[in-house]
Amino acid sequence: MNDILGFVAVPAVTVLCMLIAQGAKVLFKRMDTSAIPILCAICGLVLATAAYVTIPGFIPADNWLVASAIGVVSGFAATGVH
């Protein structure tokens, strides 16, 4: 069961980051589009670190630093999805 959660966690963070970025584009129409990848990376960092702390075993990481790196990479991947 833990292996399945680890497989689902990274795409879940990516999708959430993409949704947050799309929402930011709609809410802040004057927002510079070059800031979207940074916004996604920060959102991924926060989401993955929070998930690592609150839901043990959800993020496939040994410590919080690896979890935050997974979050940043997932956030950057969200910019490539669109």
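**Note on a three-helix chain**

1. V15 belongs to helix α1. Helices here are DSSP runs of H or I with at least four residues, strands are runs of E with at least two, and both are numbered from the N terminus. V15 counts as partly exposed because its relative accessibility is 44%; on this scale buried means under 20% relative accessible area, exposed means over 50%, and partly exposed lies in between, with a 1.4 Å probe and protein chains only. Between the C-alpha atoms of V15 and K29 there are 21 Å, for a separation of 14 residues along the chain.

2. The basis of these values should be stated. The model is predicted: local features need pLDDT of at least 70, side-chain atom pairs count only at pLDDT 80 or more, and totals for chains, interfaces and linings use all residues. Numbering runs from 1 along each chain as its sequence is written, and side-chain values use heavy atoms, with hydrogens and water left out.

3. On the overall fold, the protein chain contains three helices and zero strands, in the order α-α-α along the sequence. Its C-alpha atoms occupy a box of roughly 40 × 20 × 20 Å along the principal axes. The radius of gyration of the protein chain is 13 Å, which agrees with a compact globule of 82 residues, because such a globule would have a value near 12 Å. That radius is taken over C-alpha atoms, and the globule rule is 2.2 Å times the number of residues to the power 0.38.

4. On burial and contacts, 29% of the 82 residues in the protein chain count as buried. The exposed area of the chain is about 5300 Å², and carbon and sulfur atoms supply 74% of it; accessible areas come from the Shrake-Rupley method with a 1.4 Å probe, and for residues only the protein chains shown count as cover. Among contacts with a separation of 6 or more, 62% come from residues 24 or more positions apart, where contact means heavy atoms within 4.5 Å.

5. The interior deserves its own point. The largest nonpolar core has 15 residues, and those that touch the most other members are C17, C40, F58, I59 and A61. Elements giving two or more residues to this core are α1 (2-27), α2 and α3, and α2 has the largest share, with five residues. A nonpolar core is a set of buried Ala, Val, Leu, Ile, Met, Phe, Trp, Tyr and Cys residues joined through side-chain atoms within 4.5 Å. Leaving aside residues up to four places away in sequence, A61 touches Y52, V66, A67 and I70.

6. Two residues of helix α3 are worth inspecting. S74 sits in this helix, which covers residues 64-81, and is classed as buried because its relative accessible area is 3%. Beyond residues up to four places away in sequence, S74 touches V10, V13 and T14. A78 also lies in α3 and counts as buried because its relative accessibility is 3%. With the same exclusion of residues up to four places away, A78 touches T14, C17, M18 and C40. A78 and G44 are 34 residues apart along the chain, with 9.0 Å between their C-alpha atoms.

7. Helix α2 spans residues 36-54 and includes L45. L45 is partly exposed, because its relative accessibility is 33%. Together with I38, I42 and V46, L45 makes a nonpolar surface patch of about 350 Å². Patches are made of residues with over 30% relative accessible area and no salt bridge; like charges are joined within 9 Å, and nonpolar side chains (Val, Leu, Ile, Met, Phe, Trp, Tyr) within 5 Å. A salt bridge is a side-chain nitrogen of Lys or Arg within 4 Å of a carboxyl oxygen of Asp or Glu.

8. A50 is another residue in helix α2. A50 falls in the partly exposed class because its relative accessible area is 38%. From A50 to L16 the C-alpha distance is 13 Å, across 34 residues of sequence.

9. Last, the loop between α1 and α2 contains T33. T33 counts as exposed because its relative accessibility is 60%. The C-alpha atoms of T33 and A21 are 9.9 Å apart, and the two residues are 12 apart in sequence.
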